[in-house]
Amino acid sequence: MAETTQKPKRVISDKYRASHEDDASSLSAALERGLSGTSDTVTDYETALKGYFGSRNAIALSSGGAAITVALVAAGVKAGDEVLLTPTCPLCTVYPIMDMGAKPVFVDTRPDGFGVDLEDLPRVVTPRTRAIIEIPMWGMPTQVDELQQAARKAGIPLILDLAHSHGSTLHGRPLSAYGDLSCFSTHERKPLATGEGGFILTDNDDLAKRCRDYSRFGNLNGRDFGLNFKLGALAAALGTSRIKYLDAQLAARRQNAERVLSRLEHPNVRPFTQIPGAQHNYYFLTLRTSFKDNRRFIDYLDENGVPSDIKRYGCRCLYDFPTVAQYRRDCPQGERLLNSMTTIPVHPSLTKDDMDYIVGLINAYREG
Ligand SMILES: Cc1ncc(COP(=O)(O)O)c(C=O)c1O
């Protein structure tokens, strides 16, 4: 039988592959200096991270998932404890909680963003709550300042999962400044990309020590338990060379996003409400929609070569996945959020013409 599915005439890639002329020299210098996670190359990378983000401590780790595990341990989470998080994030954030035998407890999002709904928060805090995780999705800042105050008042450590949010700011400060422990991924798709990798930032020296000790087998002293989550030196070398280009990359993303936003005319597609003082890194441009059938809109874009993370990852509230269903707690605002939005790639390899193609497609969409 002949293949009936039509290939789109034009395909917009959602993958940005950073490549800089000094990557190779940075890698070869690392080869000379030694490749382990205790090499000076890793220390240099941590110094570069501290400088870029203005943080007192940076701990380079093997992945963003490892960063969440290590942050949970440093925050004192143990088996049987409860950890609060919004259900609108990827499985990557909840699995580390489940893996340590702690219980994920879902708290709803705000109606128009991925931040914790401060009205729902008191309903889920219990004496067993040991940490709150906030996950600003696709780099869009959340009200981390208000959550920081609420968490402090409740005496609960705040962990920020900033896997997408390199360079996103609130009131001129990196989002990481608002967390007790801020976790990042540097997976190949992320704005700062080292292949695989992650890191934790914290201004608290005691928490930093706990992160470092745990991720190095408790320094093998036999008193303190730990595992190996260190980042290798080759990945660290790439991080050091690439962080220099991060601001230029983010500026290009912003330009692309602004081009789409300035031409957007569809009555059912609008930008998310901007939080005063927030600056998005545009890891992806997120758009709010009001269609009867949002999946059809996303399929239409996909059929025309414009991918959405909502479709790529089958995004839905985490408790709708079989592995997480036992922790179900309905979060209607989070559900509405994921069902009335899409993501648009705006990375620097895309051209003005690509942006015009995307916004033209959106403006031309008619709900059947
Ligand atoms: C929000 C979020 N948290 C954590 C992770 C895990 O990061 P990694 O793939 O580096 O383990 C990801 C991965 O994409 C993510 O999107």
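**Arginine 189, aromatic contacts and a helix pair**

Good morning. I begin with arginine 189, which has a relative accessibility of 10% and therefore counts as buried, the limit for that class being under 20%. Please keep in mind throughout that we are looking at a predicted model.

Where does arginine 189 lie? This residue belongs to the loop between S10 and strand S11, the latter covering 198-202. Which residues does arginine 189 touch, once neighbours within four places in sequence are set aside? Its contacts are Asp14, Tyr283, Phe284, Asp309, Arg312 and Tyr313. As for distance along the loop and into the strand, isoleucine 200 is 11 residues from arginine 189 along the chain, and 18 Å separates their C-alpha atoms.

Strand S10 brings me to the aromatic residues. The structure contains 14 aromatic pairs. One of them joins phenylalanine 53 to phenylalanine 184; the pair is tilted, with 50° between the planes and 5.0 Å from centre to centre. What does this pair tie together? Phenylalanine 53 is part of helix H2, residues 40-53, while phenylalanine 184 is part of strand S10, residues 181-185, so the pair connects parts that lie 131 residues apart in sequence.

Are these two rings buried or exposed? Phenylalanine 53 has 5% relative accessibility and so counts as buried. Phenylalanine 184, at 1%, counts as buried too. Both residues also belong to a cluster, in which ring pairs link Tyr52, Phe53, Phe184 and Phe199.

Aromatic rings also appear here beneath arginine side chains. Arginine 10 lies over the face of tyrosine 357, 4.6 Å from the ring centre. Arginine 316 is placed over the face of phenylalanine 321, and there the distance to the ring centre is 4.4 Å.

My last topic is a pair of helices. In general, the packing of two helices is described by the angle between their axes and the distance between those axes. Helix H9, residues 246-263, packs with helix H13, residues 352-364, at an angle of about 35°, and the axes are 9 Å apart. The crossing of H9 and H13 is right-handed. On the H9 side, the contact is made by Asn256, Arg259, Val260 and Arg263; on the H13 side, by Lys352, Met355, Asp356, Val359 and Asn363. How do the residues of this contact divide by character? There are 3 nonpolar, 2 polar and 4 charged residues in the contact of H9 with H13.

To close, I return to the starting point: arginine 189 counts as buried, and its contacts include Asp14 and Asp309. Thank you.

Key:
Residues are numbered from 1 along each chain as its sequence is written. This is a predicted model: local features need pLDDT of at least 70, side-chain atom pairs count only at pLDDT 80 or more; totals for chains, interfaces and linings use all residues. Side-chain values use heavy atoms; hydrogens and water are left out. Axes are lines fitted to C-alpha atoms, for helices over the stretch in contact, and angles run from 0 to 180 degrees between N-to-C directions. Helices (H or I, at least four residues) and strands (E, at least two) are DSSP runs, numbered from the N terminus. A crossing is left-handed if the near helix is turned anticlockwise from the far one by less than a right angle, and right-handed if clockwise. Contact means heavy atoms within 4.5 Å. Ala, Val, Leu, Ile, Met, Phe, Trp, Tyr, Cys and Pro count as nonpolar, Asp, Glu, Lys and Arg as charged, and the others, Gly among them, as polar. Rings of Phe, Tyr and Trp (its six-membered ring) pair if their centres lie within 6.5 Å; planes under 30 degrees apart count as stacked, over 60 as edge-to-face and the rest as tilted. Buried means under 20% relative accessible area, exposed over 50%, partly exposed in between (1.4 Å probe, protein chains only). A charge sits over a ring if NZ of Lys or CZ of Arg is within 6 Å of the ring centre and within 35 degrees of the ring normal.
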